[in-house]
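Q: Hey, I'm new to this one. Could you walk me through it?

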Amino acid sequence: MSEVLKNNWYLVCPSSDLDNKMRTFKILSEEIILFRDKEGNPIALEDRCCHRNVNLSLGYLKNDRPVCGYHGWEYDKSGQCVLIPSQLPDNKIPPKAAIKKYAAKDYNNWVWLFAGNPDEAENYSPTDIPEMKDWPFTYKEYIFEADLESTAESLIDPYHIAFTHRDSIKQLLGQIEEFPAEFHIDFLEDGIKGSYKRSNKGNIGEKIYFGSHDHHDVNYRFYFPNISRLETRFNKRVLLILEHVYQVDDSHVSMTQITLWQNIFPKFPLFAKKFMAKKSDTIVKEDIQFLVSQKKHYNKMKDEIHEVSVKGDEVSLAFRKFWRSKLRGE
Ligand code: FES
Ligand SMILES: [Fe+2]
């Protein structure tokens, strides 16, 4: 697994969702337990007991110590084993009886995990998306069989919207008016920035609500390696779709989709949340079916992938080139 991907902070859940119970995550094949200790700090340890290699998450937490469910070995917050029930009190605990610790922290109201060596963690920082601090939001995590690069690439693909999302975004946010679309894109040190326009072809109800101007400006940002941000503005109303993706293992990808908004149904916050959650779920599922289908065909083709590309694929091809060079650490 690429070191570049390991040395990155990954968003895992809203800070308010983490309490003094063990939760599990798998990032880049690392199985991790996460809980909030009594002082309020997120603690992340390897989900493995070093005695006989079983998942610690099959056990339980006792005073901030994960206890293995098999023979009861207990670990402290640094991952050191501190109690072995089968030993007499004067038997020494082998210093090697320890598991890996990971860096974890709260940032902008979400919990983030650093997948690499924790000593390196302070040299990196989570991606700052200030709207995550206080905008209303809804979110959901999806895990599915797909290719990480293709998933990241799909987040930047403007032409799939009118087709993949013909029953969701196309209606709600308008479609790209012309083909080929006027699509501006800049490659930056930490990712990609772009913009394009969509024509407003919503139904009457949506037009009354979102306004009757004929275009929406869509601003796109990709933060290497794994976050995309799509911002659509309708005068004062703003809709922000964030997608955080990471490799779970060799064949699966996790995508946490966070939808945030401002000035949309402000008098009916609960309705807004329900409405956004439903729309977002539809949109993500529309994408996932294609990513899963693509992965199945890629698997069959193995190392020789046949694809027919045209001029309109420029953005996707440029993205691939950028992605691969960044992965190599260039
Ligand atoms: S396997 Fe965990 S205590 Fe034995
Ligand atoms: Fe999509």
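What follows is a chat about the parts of this structure.

A: Sure. One thing up front: this is a predicted model.

Q: Good to know. How is the chain divided?
A: It's split into domain 1, residues 3–123, and domain 2, residues 131–327.

Q: And how far apart are the C-alpha centres of domain 1 and domain 2?
A: Those centres lie 33 Å apart.

Q: How many residues are in contact between the two domains?
A: On the domain 1 side there are 12, and they are in contact with 11 residues of domain 2.

Q: Which elements supply the side of domain 1 that touches domain 2?
A: α1 (3–6), β1 and β2 each give at least two residues to that side. By type, the residues there divide into seven nonpolar, four polar and one charged.

Q: Switching to sheets. What's the strand order in the open one?
A: Six strands line up as β1-β10-β9-β4-β3-β2, with antiparallel pairing. At the edges stand β1 (9–14) and β2 (23–27); each has a single partner strand, so one side of each is left without a neighbour in the sheet.

Q: By what angle are neighbouring strands turned against each other?
A: On average by 30°, ignoring direction.

Q: Let's zoom in on β4. What does it pair with?
A: Strand β3 (residues 30–36) is one partner, joined to β4 (residues 42–46) by five bridges and running antiparallel to it. In that pairing, Phe35 sits opposite Ile43 of β4. Another partner is strand β9 (residues 101–107), which pairs with β4 over two bridges, again in the antiparallel sense. There, Leu45 has Lys101 in β9 as its bridge partner.

Q: What links β3 and β4?
A: They form a hairpin with five residues between them, and Gly40 in the turn has a positive phi of about 95°.

Q: Is β4 mostly covered or exposed?
A: Mostly covered: five of its five residues are buried.

Q: Speaking of buried, what's in the largest nonpolar core?
A: That core has 63 residues, and Tyr10, Leu34, Trp112 and Leu113 are the ones with the most contacts inside it. Strand β16 (residues 237–247) gives the largest share, six residues.

Q: Where does this core lie?
A: Domain 1 (3–123) and domain 2 (131–327) both give residues to this core, so it lies between them.

Q: You mentioned Trp112. What is Trp112 in contact with?
A: Leaving aside neighbours within four places in sequence, the contacts of Trp112 are Trp9, Tyr10, Leu11, Val12, Ala104, Lys105, Tyr107 and Pro126.

Q: New topic: backbone oddities. What's the usual pattern?
A: Most residues other than glycine have a negative phi, and most peptide bonds are trans.

Q: Okay, so which peptide bond is cis here?
A: The one from Phe224 to Pro225 is cis, with omega near 0°. Pro225 belongs to the loop between β14 (215–223) and β15 (227–234).

Q: And what about phi at Ser29?
A: Ser29 isn't a glycine, yet its phi is positive, about 70°. You'll find Ser29 in the loop between β2 and β3.

Q: Why does Ser29 count as exposed?
A: Because Ser29 has 12 C-beta neighbours inside 10 Å, and a residue is exposed if the count is 12 or fewer.

Q: What's the story with Asn263?
A: Asn263 has a positive phi of about 60° although it is not a glycine. Its place is the loop between β17 (252–262) and α7 (269–301). With 12 C-beta neighbours inside 10 Å, Asn263 counts as exposed.

Methods:
Residues are numbered from 1 along each chain as its sequence is written. Chains are lettered from A and ligands numbered from 1 in the order in which they are written. This is a predicted model: local features need pLDDT of at least 70, side-chain atom pairs count only at pLDDT 80 or more; totals for chains, interfaces and linings use all residues. Two strands pair if DSSP finds at least two bridges between them. Helices (H or I, at least four residues) and strands (E, at least two) are DSSP runs, numbered from the N terminus. Axes are lines fitted to C-alpha atoms, for helices over the stretch in contact, and angles run from 0 to 180 degrees between N-to-C directions. A nonpolar core is a set of buried Ala, Val, Leu, Ile, Met, Phe, Trp, Tyr and Cys residues joined through C-beta atoms within 7 Å. A residue is buried if 20 or more other C-beta atoms lie within 10 Å of its own, exposed if 12 or fewer, and partly exposed in between; C-beta atoms are placed from the backbone. Domain bounds come from an automatic or database domain assignment. Two residues are in contact if their C-beta atoms, placed from the backbone, lie within 7 Å. Ala, Val, Leu, Ile, Met, Phe, Trp, Tyr, Cys and Pro count as nonpolar, Asp, Glu, Lys and Arg as charged, and the others, Gly among them, as polar.
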